[in-house]
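Me: Please take a close look at one part of this protein, the packing inside it, and walk me through what surrounds what. Keep the answer connected rather than a list.

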Amino acid sequence: MHEPLAPLVTVIIPFFNDQAFLAETIDSVIGQLFTDWELRLIDDGSSDNSSSIAKSYASLHPGKIFYSEHAGHANKGVCVSRNLGVSLALGKYVAILDSDDVWLPQKLQVQVGLLQAHPEAGLLCEASEYWYDWQQDPPKQNEVILVGVQQDRLFSPPDLLSELYPLAYGRAPVPSGMILTRDAIVRCGGFEANFTGKYQ
């Protein structure tokens, strides 16, 4: 009997009390045109209905969507939760998705294609659209935020440090717009567990 092949991409969604958004976030992964993924839902000690939502998706998609939590259902912060997801990841690539964000259907397809075309890259990031049109008072337009100051090019470390916020004026990527190689995350020691609150 053959073991099933590992997925190419592990998607990690850490969540804490996000019942209002979590199902839509998960559905945006399920709706990807690229389908060779696993989804790791990491419960960071939720006390609302989001734990039940995550467990329901894991039950409906066995072998594809997985639910995990910290020992004792503890709240340890998003960085520690991402690291738990990385420790469980089977994919060569790891894509981060915040629990109140959604992906367009072609997101993984485009990003995986670019990483495969540039195997020397350890991180790929993209522009993000901030939605405000649900806000009526006062009304505000949606805004697309590009990353950095130069687009569509490969950077070698540590070049981006001198171009992006907080050391420069280029916009930094949001986590939900990033995909990394698992090896790159492990080499760097994972996400910084001491970054908490607004710094995480």
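Reply: In this predicted model, Leu108 is in contact with Val9, Val11, Gln32, Phe34, Trp37, Ala95, Trp103 and Ile179, leaving aside its neighbours within four places in sequence. Leu108 is also one of the residues that touch the most other members of the largest nonpolar core, along with Val9, Val11, Ile13, Trp37 and Leu39. That core has 26 residues. At least two of its residues come from each of strand 1, helix 1 (22-30), strand 2, helix 2 (50-60), strand 4 and helix 4. Apart from this core lies another, of twelve residues, including Ile12, Val78, Val86 and Ile185. As background, nonpolar side chains in soluble globular proteins tend to be buried together.

Helix 4 covers residues 107-117, and its buried residues are Lys107, Leu108, Gln111, Val112 and Leu115. Viewed down the axis of helix 4, the buried residues fall within an arc of 105 degrees, so they line one face of the helix. What they pack against is a set of strands: strand 1 (9-15), strand 2 (37-43), strand 4 (93-96), strand 5 (123-125) and strand 8 (178-181).

Strand 4 is a good place to continue, since Ala95 is among the contacts of Leu108. Tyr93 and Ala95 point one way from strand 4, while Val94 and Ile96 point the other way, and all are buried. Strand 4 pairs with strand 1 in the parallel sense, over four bridges. Within that pairing, Val11 has Ala95 as its bridge partner in strand 4. Both Val11 and Ala95 are thus named again here, having already appeared in the contact list of Leu108. Strand 4 also pairs with strand 8, here in the antiparallel sense and over three bridges. The bridge partner of Val94 in strand 8 is Leu180.

The loop between strand 7 (143-145) and strand 8 holds Ser176. Ser176 counts as buried, at 7% relative accessibility. Leaving aside neighbours within four places in sequence, Ser176 is in contact with Ile96, Leu97, Asp98, Asp101, Trp103 and Lys107. Of these, Ile96 belongs to the buried residues of strand 4, Lys107 to the buried residues of helix 4, and Trp103 is also a contact of Leu108.

Strand 7 itself contains Glu143. Glu143 is partly exposed, with a relative accessible area of 35%. Glu143 touches Ser128, Glu129, Tyr130, Tyr132 and Arg171, not counting residues up to four places away in sequence. The C-alpha atoms of Glu143 and Trp131 are 6.8 Å apart, although the two residues are separated by twelve places along the chain.

Helix 2 is another contributor to the largest core. Its buried residues are Ser50, Ser51, Ile53, Ala54, Tyr57 and Ala58. Seen down the axis of helix 2, these residues fall within an arc of 165 degrees, so they too line one face of their helix. The cover over the buried residues of helix 2 includes strand 1, helix 1, strand 2 and strand 3 (65-69). Ser59 and Leu60 are exposed, on the face of helix 2 turned away from its buried side.

The loop between strand 2 and helix 2 contains Ser46. Ser46 counts as buried, at 5% relative accessibility. The side chain of Ser46 makes a polar contact of 3.2 Å with the side chain of Ser50, and Ser50 is one of the buried residues of helix 2. Not counting residues up to four places away in sequence, Ser46 touches Phe15, Phe16, Asn17, Ser51 and His73. Ser51 is likewise among the buried residues of helix 2.

Last, the cysteines. A disulfide is a covalent bond between the sulfur atoms of two cysteines, and a search of the whole structure finds zero of them. For Cys79, the closest cysteine sulfur is that of Cys188, and because the separation is 13 Å it is too far for a bond; the cut-off for a disulfide is 2.5 Å. The settings of the two residues are also on record here: Cys79 is buried, with a relative accessible area of 4%, whereas Cys188 counts as exposed at 66% relative accessibility.

Conventions: Residues are numbered from 1 along each chain as its sequence is written. This is a predicted model: local features need pLDDT of at least 70, side-chain atom pairs count only at pLDDT 80 or more; totals for chains, interfaces and linings use all residues. Side-chain values use heavy atoms; hydrogens and water are left out. Buried means under 20% relative accessible area, exposed over 50%, partly exposed in between (1.4 Å probe, protein chains only). The arc is that of the directions from the helix axis to the C-beta atoms. Contact means heavy atoms within 4.5 Å. A nonpolar core is a set of buried Ala, Val, Leu, Ile, Met, Phe, Trp, Tyr and Cys residues joined through side-chain atoms within 4.5 Å. A polar contact is a pair of N or O atoms within 3.5 Å; within protein, one must be able to donate a hydrogen and the other to accept it, and residues adjacent in sequence count only if both atoms are side-chain atoms. Two strands pair if DSSP finds at least two bridges between them.
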